[in-house]
Amino acid sequence: MSDTGPVIGIDLGTTNSCVAAVEGGSPKVIPNKGGYKTTPSIVAITESGKRLVGQMAKRQAITNAKNTVFGAKRLIGRTWGSPQVIHCMETSPYTIQEGPHNDVRIKLGDKVYSLPEIASMILTEQRLVAEEYFGQEVHRAVITVPAYFNDGQRQATKDAGRIAGLDVLRIINEPTAAALAYGYGREINATVVVYDLGGGTFDISCMEIGDDVFDVISTAGDTFLGGEDFDARIIEWLAFKFAEKHQVDLRDNEMALQRLKDAAEKAKCDLSSSMKTEINLPFIWTSDDGEALHLQVEFGREELEGLVVDLVERTIRICEVTLGEAGIEPSAIDDVILVGGMTRMPMVQRAVKEYFGKSPSKAVHPDEAVAVGAAIQGAALTKDTNDILLLDVTPLDLGIAVHGGGFNVLIERNTTIPASESHVFTTARDNQTSIKVVVLQGESDRADENELLGEFTLTGLRPAPAGAIDVEITFDISADGITNVSAKDMETGVERRIVVTASSQLTEDEIGDMMAEHQDYLAEARHDDVFEEKKVELGRTLRDVERMIPEVQVAMGNSTLGANALERARVAMKNASDALDSGSKDDLETAGDALRRTLAVFKGIVERS
Ligand code: AMP
């Protein structure tokens, strides 16, 4: 893989994604083709099997609800049957089903996709946006994840990057990235909190910034608390109002559900700047006797706040925990940085202001800061910029299951990463030749309430009396927050690296197949982009030539020279029109060359006249 060329930072969001890069020492958000700095994290497969990502996918979501995926980040790295997966199954118009590794898959058209594959499509879209901007291929990226993502969710995100053919230089936490954007290039010595409420997740990180060192003290969050939950409350309310009047549940129809979802989100956003809004969904249902039913309701800010007050309060409880763990009073925080689209909601801003006793900072853009921070970290890792030091922490306790169902913590949450911890295990029985280790991550004292990262059995130990054989197991958490384990037989010194692979993850073979399939798509997408560009350029030249014809006619009068020039121009224009209608890339190039020559001749004639 290439180790030169631009490095991009990608904020892979639940609702929207954003890409940035550092150019000449300045970070810059790269707009997509439509000129927007964020792209919807939506993927769809059309009836003809074409893949759509971003705005194009969003535009057809209502008419193709079953084959349009949004909010996939809420499912990435989760195991089948978890409460979050069940919730998504109940509320999503697309089909969520069980995968071969007790994982989650999504059916689109006649194909079933893993979550890393869906995420890879969104990453690829961002990569193509950057490639178009730079005019060259992009191979390296820093990708952000919620600080509270566990090992499985981080691994799955890294796999998504690999499937997209990217060299993922680092996975960094979203609030930390936002803090990098906040502190970059500024002389700051401050203790700050990043409050990040996005479309699907909530994170809070408390950190100290000074002398280009970004030191996270503590972090906490909820990977299932975000704008989607606010929208769900509004959807529920609207469906209830409609059911009260017409005795039907709108959520039973995929298209109606998708329309409700769009209307709910729009109303929520409107109420950030207005006190009242109207939700109007004509022809949303047809009754049994063929009558068209419409939904029309007034919705006020106070009503919205009543529906979601507990969600906002939940974020504040999490702030209390984080600050408590850091041993810091809210009043000791110098600045509160708001990130994520949901922080535009006045009620959220009020709650934050009330808890911290100060107005939050407006120093960073809530939608762009995370990608900007990722780009800064990417540049720092490739030494394109001044050195910055990022000291992040692990959000969850890491440990092993012990007899009786307990959880023995080896690396505590909020430990600075990378981190390493060793533990010596001793045989418990005579002639015991193997030891089983169950690695867990989570917050509960009980093993079965934590996330299983993986389990392995160390075999080949020398038969000996109980307690005679020691095995040292070392747990490492990388700077990406991903866990690795190695084991050493203390008697023989033989060491083994053990891959802790959660059962829900993709196998290397599967990733390989997905990467190959993806390469074909990427080549086609790049080709499509070049093709489109050439078409646009040819169309522009054709219009320029057409516009100059009257001037050339005036300049040349009835001369033979003029007639010849115009005849040649007509042939070139006809070839260009044909190429635009149905030509290959080569036809477009040939027609473009001829048309540019015609334009130069026309300009010469007009200048000389
Ligand atoms: P993010 O994941 O940071 O892109 O945040 C997306 C979430 O922010 C979505 O749930 C949006 O509906 C929400 N959002 C965006 N703009 C606003 C707004 N003006 N008021 C309330 N929520 C918003």
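1. In this predicted model, the buried residues of helix 12 (residues 560-582) are covered by parts that include helix 11 (508-556) and helix 13 (585-608). The buried residues of helix 12 are G562, A565, L566, A569, A572, M573, A576 and A579. When you look at how these positions recur along the sequence, it helps to remember that an α-helix has 3.6 residues a turn, so residues three or four places apart point the same way.

2. The length of helix 12 can be checked as well: with 23 residues at 1.5 Å a residue, this helix should span 33 Å, and because its end C-alpha atoms are 33 Å apart, the model agrees with that expectation.

3. A second region to examine is built around strand 14 (residues 202-210), which is mostly covered, since eight of its nine residues are buried. On one side, strand 14 is joined by nine bridges to strand 13 (residues 189-197), the two running antiparallel, and within this pairing A190 has I209 of strand 14 as its bridge partner. Strand 13 and strand 14 form a hairpin, with four residues between them.

4. Strand 14 also pairs with strand 15 (residues 213-222), again in the antiparallel sense and over nine bridges, and here E208 stands opposite D215 of strand 15. These two strands form a hairpin with two residues between them, and D211, which lies in the turn, has a positive phi of about 50°. For the student reading along, strands of a sheet pair through backbone hydrogen bonds, either parallel or antiparallel.

5. Which strands form the open sheet with the order 6-5-7? Three strands make up this sheet, namely strand 6, strand 5 and strand 7, and their pairing is antiparallel. Strand 6 (51-53) and strand 7 are the edge strands, each of them pairing on one side only. Helix 3 (residues 115-134) packs on the sheet and touches strand 5, strand 6 and strand 7, while its direction makes about 65° with that of strand 6. Strand 5 (residues 43-45) and strand 7 run antiparallel and are joined by two bridges, and V43 has V69 in strand 7 as its bridge partner.

6. Five aromatic pairs are found in a search of the whole structure. In the pair formed by F70 and Y94, the ring centres are 5.6 Å apart and the planes stand at 80°, so the pair is edge-to-face. F70 lies in the loop between strand 7 (68-69) and helix 2 (83-91), whereas Y94 lies in the loop between helix 2 and strand 8 (95-98), so the pair ties together parts that are 24 residues apart in sequence. Both partners count as buried because their relative accessible areas, 9% for F70 and 4% for Y94, are under 20%.

7. Is E228, a residue of helix 6 (residues 227-246), buried or exposed? E228 has a relative accessible area of 16% and is therefore buried, the cut-off for that word being under 20%. Leaving aside residues up to four places away in sequence, E228 touches T14, F70, G71, R74, G199 and K261, so the list of contacts includes F70 of the aromatic pair described above.

8. Finally, two arginines should be viewed together with aromatic rings. R74, one of the residues that E228 touches, has its charged end over the ring of F224, at 4.1 Å from the ring centre. R186 lies over the face of Y182, 4.6 Å from the centre of that ring.

Conventions
Residues are numbered from 1 along each chain as its sequence is written. This is a predicted model: local features need pLDDT of at least 70, side-chain atom pairs count only at pLDDT 80 or more; totals for chains, interfaces and linings use all residues. Side-chain values use heavy atoms; hydrogens and water are left out. Buried means under 20% relative accessible area, exposed over 50%, partly exposed in between (1.4 Å probe, protein chains only). Contact means heavy atoms within 4.5 Å. Rings of Phe, Tyr and Trp (its six-membered ring) pair if their centres lie within 6.5 Å; planes under 30 degrees apart count as stacked, over 60 as edge-to-face and the rest as tilted. A charge sits over a ring if NZ of Lys or CZ of Arg is within 6 Å of the ring centre and within 35 degrees of the ring normal. Two strands pair if DSSP finds at least two bridges between them. Axes are lines fitted to C-alpha atoms, for helices over the stretch in contact, and angles run from 0 to 180 degrees between N-to-C directions. The expected span of a helix is 1.5 Å times one less than its number of residues.
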